[in-house]
Amino acid sequence: MHLLNKIKSGLGAIGPGFIIAAVALGPGSITAASKIGATQGYNFLWAILLAGISMAVYTGMSTRFAVLNKQSILSVIADKYGRWFSYAIGISSFLASLSFQFGNNLGVGMGMESITGIDVRIWPIIFTILAIVLIFYAQNLYATLEKLMMYIVMLIIIAFMVNLVFVKPDLSQTVSGFIPSGFSMEYISELAAIVGTTFVLSSALYQSYLIQKKDWKVVDMKKAIRASNSGVFLLALMSVLIIMTAAASLKPMGIQINSAADMALQLELLLGNYAKYIFAIGFLAASFSSLLVNAVIGGGLLADGLGMGQTMDKKMPKVFTIVILIAGMVIATFVASGLSSPVYSLILAQSSSMIAVPLIGIGLLLIVNRKDVMGKFKNTITQNIMAVIGLFLLCVLVYIMYGKLISYFANI
């Protein structure tokens with residue numbers, strides 16, 4: 001009983017990490033990781049490592065701010081640099097969440113279609129209504145999200161870890177996959193998607209709001225940083241496990257990823273004929289968790305950036321959250337009408353979410369370098385160098401993805 005209580009306490013301490021991991025690990029990231037593993041094997045593991053380190057740097061900065069300040073980070077940015085800057089960051093966060101959202105809706109539809117056989121276009125409507133009901137009627141939305149995301153994340157990790165025992169991945173190739181190597185521009189969308197789903201600056205920024213909910217003080221700084229790093233580790237671990245599984249099970253058979261059923265083949269050794277349904281349930285869980293939390297993050301950051309409230313017990317964060325939910329549902333239904341490949345659309349949604357976020361990184365980087373805000377906990381030279389490198393890599397991918405997006409919309 002004492003051990004069980006310690007485990008529960010430990011999991012509760014990293015609750016914010018579970019939420020961040022769950023919102024980033026949505027259907028697009030599962031699809032991108034599966035496709036990369038099936039086509040490139042272990043070769044892109046280095047991208048997850050770089051993205052994970054960058055994400056840890058930015059969530060660490062956000063966490064340190066949260067422990068030291070009672071005001072929200074966008075409120076302080078508005079005070080120090082002007083309300084226009086918090087407006088811009090709030091709008092950027094909203095757009096990033098909107099980019100993720102239609103992919104989350106597509107994932108919900110693909111998962112439910114695999115389970116029930118009912119048309120993919122029906123399910124985004126049903127699950128969007130369910131999310132809206134949960135937002136309005138959950139007694140403590142944060143506590144509900146934290147518990148729900150913890151179960152979902154642990155379920156996905158356990159399923160893929162057990163499956164790896166059966167598929168027997170090549171460990172030497174796994175190790176070499178973490179060493180950066182050249183790649184074909186043909187796979188730049190998948191690379192951008194896997195980076196975009198691990199290095200999510202809007203989620204890093206929102207980490208400060210989650211930590212402030214915990215009401216931790218300076219004496220809790222190490223605990224807070226540990227919670228932050230745990231979330232990034234879980235997120236990166238899930239992507240690594242999926243790539244390893246796909247590389248070991250799908251690539252040798254030359255399977256192309258065109259549906260959730262194709263991705264489910266990764267789990268056939270473990271689950272046999274039930275793989276399709278078990279994977280679809282996990283895919284659905286990841287999609288719905290990301291659908292819900294992503295909308296909360298985008299709506300909350302936009303409302304706070306505009307000075308209209310920051311918590312979900314206020315009117316405007318709820319209104320903006322519902323706007324994201326409904327917009328994502330409408331776009332997903334449009335895409336699911338046969339105008340584009342759902343798998344390609346999922347990958348593009350993940351990668352395009354990066355386009356609006358460099359400004360978020362700039363704002364966060366500026367505020368944690370102010371001694372009047374951070375005191376002795378302001379960024380060190382090493383932290384600044386790592387943060388700038390991560391932001392530069394993100395900007396390069398953003399530049400590349402502009403061309404992809406223009407081509408995509410021109411072909412619709």
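A polar contact is a pair of N or O atoms within 3.5 Å; within protein, one of the two must be able to donate a hydrogen and the other to accept it. T321 supplies an example: its side chain reaches the backbone oxygen of A295 at 3.4 Å. The model is a predicted one. Its protein chain has 412 residues, of which 58% count as buried, and contains 20 helices and zero strands.

**Confidence**

- The mean pLDDT of the protein chain is 77, and 74% of the residues score at least 70.
- Among the elements of the chain, helix α5 (residues 73-81) has the highest mean pLDDT, at 92, and helix α1 (residues 2-13) has the lowest, at 46.
- The pLDDT stays below 50 over residues 1-12. Beyond near neighbours in sequence, this stretch has four contacts in the model.
- Where pLDDT is low, the predicted coordinates should not be read in detail.

**Contacts across the sequence**

- Of the contacts in the protein chain with a separation of 6 or more, 85% are between residues 24 or more positions apart.
- G196 belongs to helix α10 (residues 188-198). Its relative accessible area is 2%, under the 20% limit, so G196 is buried.
- The C-alpha atoms of G196 and F100 are 9.9 Å apart in space, with the two positions 96 residues apart in sequence numbering.
- L235 is part of helix α12, and counts as buried because its relative accessibility is 1%.
- L235 and I48 are 187 residues apart along the chain, while their C-alpha atoms are separated by 9.6 Å.

**Surroundings of T321**

- T321 is located in helix α16 (residues 315-339).
- The relative accessibility of T321 is 0%, so this residue counts as buried.
- Not counting residues up to four places away in sequence, T321 touches I135, A295, V296, G299, G300 and M312. A295 is thus in this set of neighbours and also provides the backbone oxygen reached by the T321 side chain.

**Surroundings of D304**

- D304 lies in helix α15 (residues 275-305).
- With a relative accessible area of 4%, D304 is buried.
- Leaving aside neighbours within four places in sequence, D304 is in contact with S72, L74, S75, R83, Y209, G309 and Q310.
- D304 and S86 are 218 residues apart in sequence, and their C-alpha atoms are 8.0 Å apart.

**Helix α5 and its end**

- I73, L74, S75, V76, I77 and A78 are buried residues of α5. L74 and S75 also appear among the contacts of D304.
- G82 comes just after α5 and has a positive phi of about 105 degrees.

**Packing of helix α6**

- Two packed helices are described by the angle between their axes and the distance between the axes.
- Helix α6 (residues 83-116) packs with helix α7 (residues 123-137) at an angle of about 115 degrees, and the axes are 8 Å apart. Angles from 65 to 115 degrees count as roughly perpendicular, and α6 and α7 are therefore roughly perpendicular to each other.
- The crossing of α6 and α7 is right-handed. On the α6 side the contact involves N105, V108, G109, M112, E113 and T116, and on the α7 side W123, P124, F127 and T128.
- The axes of α6 and helix α18 (residues 358-367) cross at roughly 135 degrees and come within 9 Å. This angle makes α6 oblique to α18.
- α6 and α18 cross in a left-handed sense. F85, A88, I89, S92 and S93 of α6 meet L359, I360, I362, G363 and L366 of α18.

**Backbone at D215**

- D215 sits in the loop between α11 (201-214) and α12 (221-249).
- Phi of D215 is near 60 degrees, which is a positive value in a residue other than glycine.
- Most residues other than glycine have a negative phi.

Definitions and conventions. Residues numbered from 1 in each chain as written. Predicted model: local features only at pLDDT ≥ 70, side-chain atom pairs only at ≥ 80, totals over all residues. Heavy atoms only, no water. pLDDT = per-residue confidence, 0-100. Helix = DSSP H or I, 4+ residues; strand = E, 2+ residues; numbered from the N terminus. Contact = heavy atoms within 4.5 Å. Buried < 20%, exposed > 50% of the residue type's maximum accessible area, 1.4 Å probe, protein only. Axes fitted to C-alpha atoms, helices over the stretch in contact; angles between N-to-C directions. Parallel < 35°, antiparallel > 145°, perpendicular 65-115°, else oblique. Left-handed = near helix turned anticlockwise from the far one by under 90°.
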